[in-house]
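Trainee: I'd like a close look at one small part of this model, the turn where two neighbouring strands are joined. Could you walk me through it and set it in the context of the whole chain?

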Amino acid sequence: MALELEGRLVKVLPQQTGAGKNGTWVKQDFVVETSDQYPKKICFSAWGDKAADLSRYKTGDVLKVAFNLESREYNEKWYTEARAWKIDGNVAGETQKASASAPTESTFFSDEEDNDLPF
């Protein structure tokens, strides 16, 4: 299941590295805050090349993150990870363009319409 979220980059956590049965690995966690009425902070994990891609962005940048949710069991406890597989930056300009082309009140209530109200 692929999900997508847009928000402001709040924090980039220290990079983690290690060695496993498939060779060395790199992981970078980062926190994004949504711009909803009640903002939420979500911690994502970027692995491998995506961790390197994250270095292009700085705190405060607006990002669009495509991610998968994955849960694993360890010692009868479940751990969930939001694994980012695509990170796009500078989406603020796209958001402003979209809001500029949004219909205005005059689109819905033109002067040409019949202004007879039933009350």
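Mentor: Here is the overall layout, followed by the loop you asked about. Keep in mind that this is a predicted model, so everything below is computed from it.

Let's start with the whole chain. The protein has 3 helices and 6 strands, and along the sequence they come in the order β-β-β-β-α-β-β-α-α. Of its 119 residues, 23% count as buried. The protein exposes about 9,200 Å², and 50% of that comes from carbon and sulfur atoms. As for how the chain meets itself, take the contacts between residues at least 6 apart in sequence: 49% of those join residues at least 24 apart.

Now for your loop. Strand 5 covers 62–74 and strand 6 covers 77–89, and N75 is found in the loop between them. E76 has its place in that loop too, between strand 5 and strand 6.

The backbone is worth a look here. N75 has a positive phi of about 55°, even though it is not a glycine. E76 also has a positive phi, about 65° in this case, and it is not a glycine either.

What about the surface? N75 has a relative accessible area of 62%, so it counts as exposed, the cut-off being over 50%. E76 comes out at 71% relative accessibility, so E76 is exposed as well.

To pull the loop together: N75 sits between strand 5 and strand 6 with a positive phi and is exposed. E76 is in the loop between those strands, with a positive phi and an exposed position.

Definitions and conventions
Residues are numbered from 1 along each chain as its sequence is written. This is a predicted model: local features need pLDDT of at least 70, side-chain atom pairs count only at pLDDT 80 or more; totals for chains, interfaces and linings use all residues. Side-chain values use heavy atoms; hydrogens and water are left out. Helices (H or I, at least four residues) and strands (E, at least two) are DSSP runs, numbered from the N terminus. Buried means under 20% relative accessible area, exposed over 50%, partly exposed in between (1.4 Å probe, protein chains only). Contact means heavy atoms within 4.5 Å. Accessible areas come from the Shrake-Rupley method with a 1.4 Å probe; for residues, only the protein chains shown count as cover.
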